[in-house]
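Biologist: Please give a close account of the largest pocket. I should also like to know how the parts around it are arranged.

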Amino acid sequence: MEGDSTVLGFGVLLAAGGTMGYLKKGSLPSLVAGVGSGAAFAWASQDLTTRKPQAQGLSVLLLLVMLYRLKKTGKFMPAGMISILTLGMLAKLTR
C-alpha cells in the first residue's frame with residue numbers, strides 16, 4: 001500500500017517545528033511533542049486505511065493543545081498556525 005504524502009508531509013512539518021523550537025529556544029517539550037507527533041503522523045500515513053482513527057484522534061488532541069496554547073499566550077505563532085493546519089488535516093482525514 002502506498003503512503004499518504006499529505007499526512008506524511010504534515011508529520012515532517014511538525015517534527016521540523018519541534019526541532020526548530022528546541023534549537024531556537026532550548027524548549028525540550030517542543031522537541032518531544034513535535035518529533036513525537038510528527039513520527040505518529042508519519043506512521044499513520046503509511047497505511048491510512050487502517051490507521052485513520054489514530055490520525056484523527058491525534059489531530060483532535062493536537063488541535064485542543066494548540067488552541068489552549070493560543071488562548072494562553074495570545075501569540076499566533078506557532079500555536080495559531082498549527083491549529084489552522086491541524087484543522088485542515090482533520091478535514092482531510094474525515095472525508
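Modeller: The account below begins with the pocket and then follows the helix pairs in order.

This is a predicted model, in which local features need pLDDT of at least 70 and side-chain atom pairs count only at pLDDT 80 or more, while totals for chains, interfaces and linings use all residues. Residues are numbered from 1 along each chain as its sequence is written, and side-chain values use heavy atoms, without hydrogens or water.

The largest pocket holds about 830 Å³ of space. (A pocket is an open set of points on a 1 Å grid over the protein atoms alone, where a 1.4 Å probe fits, with protein on both sides within 12 Å along at least five of seven lines; lining residues have an atom within 4 Å of a point. The volume is that filled by probe spheres set on the points, which are joined across faces, edges and corners.) It is lined by 25 residues, and those closest to its centre are Gly-17, Gly-18, Ser-30, Arg-69 and Pro-78. Two or more lining residues come from each of helix 1 (5-25), helix 2 (28-45), helix 3 (48-73) and helix 4 (76-93); helices are DSSP runs of H or I, at least four residues long, numbered from the N terminus. Helix 1 contributes the most, eight residues. By class, the lining comprises 15 nonpolar, seven polar and three charged residues (Ala, Val, Leu, Ile, Met, Phe, Trp, Tyr, Cys and Pro are nonpolar, Asp, Glu, Lys and Arg charged, the others, including Gly, polar).

The axes of helix 1 and helix 2 come within 7 Å and cross at roughly 170°, which makes the two helices roughly antiparallel. (Axes are lines fitted to C-alpha atoms over the stretch in contact, with angles from 0 to 180 degrees between N-to-C directions; over 145 degrees counts as roughly antiparallel.) Their crossing is left-handed, that is, the near helix is turned anticlockwise from the far one by less than a right angle. Among the residues in contact (heavy atoms within 4.5 Å) are Gly-11, Gly-18 and Gly-21 of helix 1 and Ser-30, Gly-34 and Gly-38 of helix 2. This contact has 11 nonpolar, nine polar and no charged residues.

Helix 2 and helix 3 pack at about 155°, with axes 8 Å apart, and are therefore roughly antiparallel. Here too the crossing is left-handed. Ser-37, Ala-40, Phe-41, Trp-43, Ala-44 and Ser-45 of helix 2 meet Leu-48, Arg-51, Gln-54, Ala-55, Leu-58, Ser-59 and Leu-62 of helix 3. Eight of these residues are nonpolar, four polar and one charged.

Helix 3 and helix 4 lie at an angle of about 150°, with their axes 9 Å apart; they are therefore roughly antiparallel, in a left-handed crossing. Their contact includes Lys-52, Met-66 and Arg-69 of helix 3, and Phe-76, Pro-78 and Leu-93 of helix 4. It divides into 16 nonpolar, five polar and two charged residues.

Pro-78 deserves a final remark. It lies in helix 4 and is joined to Met-77 by a cis peptide bond, with omega about 0°. In general, most peptide bonds are trans. Pro-78 is also one of the residues closest to the pocket centre.

How values were computed
Parallel < 35°, antiparallel > 145°, perpendicular 65-115°, else oblique.
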